[in-house]
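Work through the exercises below with the structure open. Try each task before reading its solution.

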Amino acid sequence: MTATGPITPLTPTERRVAERLGRGMSLTQIADDLELSLHTVKSYAGGLRIKLHLPPRCAMPVLLHALITTEQITVSTPEQTAPFLDEQQVLLLRAVAANTGIPHIARAAGIAPADVRASVDALIATTGATDEVHMVMLGHTWDLLGPNAATASVGGGR
């Protein structure tokens, strides 16, 4: 997921799209909020992937994670305190943030592909997130993802 070269600065509209992604908005919600067509917003998301050196079809949680870790956008204060997450749950959170597709997430999390969907759904419920993108955003606010992740505690009152 790491960038292989310099990141081209975002245009003002790309920044507005990126910031709304960081607030957990869907592409449809972003299109409505910015009064753009969904096709146009999808095009901007594709441009963000290119500028961040990501695969063209990477998942939205991966795009959000890249936007935050490259400091293109910042996340605000946590909406809620971090729940207790065991090591396997933190590993799964990190796998969702950095990988697209069940086989890749399964390999990164060390779980069976057949267990990925149920495990991710359980983790979404545990974190109080609305979906995977929101869960990645919360993971960043709790310092479970990104540059401070190696030293972050695993939950409880952050």
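The exercises go from the whole chain to helix pairs, then to the core and single residues. Keep in mind that the model is predicted.

**Exercise 1. The chain as a whole**

Task: State how many helices and strands the chain has, and what share of its residues is buried.

Solution:
- Step 1. Count the elements: the chain has 8 helices and 0 strands.
- Step 2. Read them from the N terminus: the order is α-α-α-α-α-α-α-α.
- Step 3. Turn to burial. Of the 158 residues in the chain, 43% are buried.
- Step 4. Look at contacts between residues at least 6 apart in sequence: 60% of them join residues at least 24 apart.

**Exercise 2. α1 against α2**

Task: Describe how α1 and α2 pack, and name the residues that meet.

Solution:
- Step 1. Choose the descriptors. Two packed helices are described by the angle between their axes and the distance between the axes.
- Step 2. Apply them: the angle of α1 with α2 is about 130°, and the axes are 10 Å apart.
- Step 3. Classify the angle. The roughly perpendicular range is 65 to 115, and roughly antiparallel starts over 145. The pair α1 and α2 is therefore oblique.
- Step 4. Give the hand: α1 crosses α2 in a right-handed sense.
- Step 5. List the partners. From α1 come Arg16, Val17, Arg20 and Leu21; from α2 come Leu27, Ile30, Asp33 and Leu34.
- Step 6. Sort this contact by class: 5 residues are nonpolar, none is polar and 3 are charged.

**Exercise 3. α2 against α3**

Task: Repeat the analysis for helix α2 (residues 27–34) and helix α3 (residues 38–51).

Solution:
- Step 1. Take the geometry: the angle is about 115°, with the axes of α2 and α3 9 Å apart.
- Step 2. Classify it: α2 is therefore roughly perpendicular to α3.
- Step 3. Give the hand: the crossing of α2 and α3 is right-handed.
- Step 4. List the partners. Leu27, Thr28, Ile30 and Ala31 of α2 touch Leu38, Val41, Lys42 and Ala45 of α3.
- Step 5. Sort by class: the contact of α2 with α3 holds 6 nonpolar, 1 polar and 1 charged residues.

**Exercise 4. The nonpolar core**

Task: Find which residues of the largest nonpolar core touch the most other members, and which element gives the most to this core.

Solution:
- Step 1. Start from the background. In soluble globular proteins, nonpolar side chains tend to be buried together.
- Step 2. Find the hubs. The largest nonpolar core has 48 residues, and those touching the most other members are Leu21, Ile30, Leu48, Leu63, Leu67, Leu92 and Met135.
- Step 3. Assign elements: α1, α2, α3, α4, α5, α6, α7 and α8 each give two or more residues to this core.
- Step 4. Pick the main contributor: α4 gives the most, with 7 residues.
- Step 5. Inspect one hub. Beyond its neighbours within four places in sequence, Leu21 contacts Leu27, Ile30, Leu48, Met60, Leu63, Leu64, Leu67 and Val133.

**Exercise 5. α8 and Val62**

Task: Decide whether α8 is mostly covered or not, and whether Val62 is buried or exposed.

Solution:
- Step 1. Count for α8: 9 of its 10 residues are buried, so the helix is mostly covered.
- Step 2. Name some: the buried residues of α8 include Val133, Met135 and Leu138.
- Step 3. Find the cover: α1, α4, α5 and α7 are among what covers them.
- Step 4. Place Val62: this residue lies in helix α4 (residues 60–69).
- Step 5. Test its burial. Val62 has 3% relative accessibility, so it counts as buried.
- Step 6. Link Val62 to Val133: they are 71 residues apart along the chain, yet their C-alpha atoms are separated by 8.3 Å.

Notes:
Residues are numbered from 1 along each chain as its sequence is written. This is a predicted model: local features need pLDDT of at least 70, side-chain atom pairs count only at pLDDT 80 or more; totals for chains, interfaces and linings use all residues. Side-chain values use heavy atoms; hydrogens and water are left out. Axes are lines fitted to C-alpha atoms, for helices over the stretch in contact, and angles run from 0 to 180 degrees between N-to-C directions. Helices (H or I, at least four residues) and strands (E, at least two) are DSSP runs, numbered from the N terminus. Angles under 35 degrees count as roughly parallel, over 145 as roughly antiparallel, 65 to 115 as roughly perpendicular and the rest as oblique. A crossing is left-handed if the near helix is turned anticlockwise from the far one by less than a right angle, and right-handed if clockwise. Contact means heavy atoms within 4.5 Å. Ala, Val, Leu, Ile, Met, Phe, Trp, Tyr, Cys and Pro count as nonpolar, Asp, Glu, Lys and Arg as charged, and the others, Gly among them, as polar. Buried means under 20% relative accessible area, exposed over 50%, partly exposed in between (1.4 Å probe, protein chains only). A nonpolar core is a set of buried Ala, Val, Leu, Ile, Met, Phe, Trp, Tyr and Cys residues joined through side-chain atoms within 4.5 Å.
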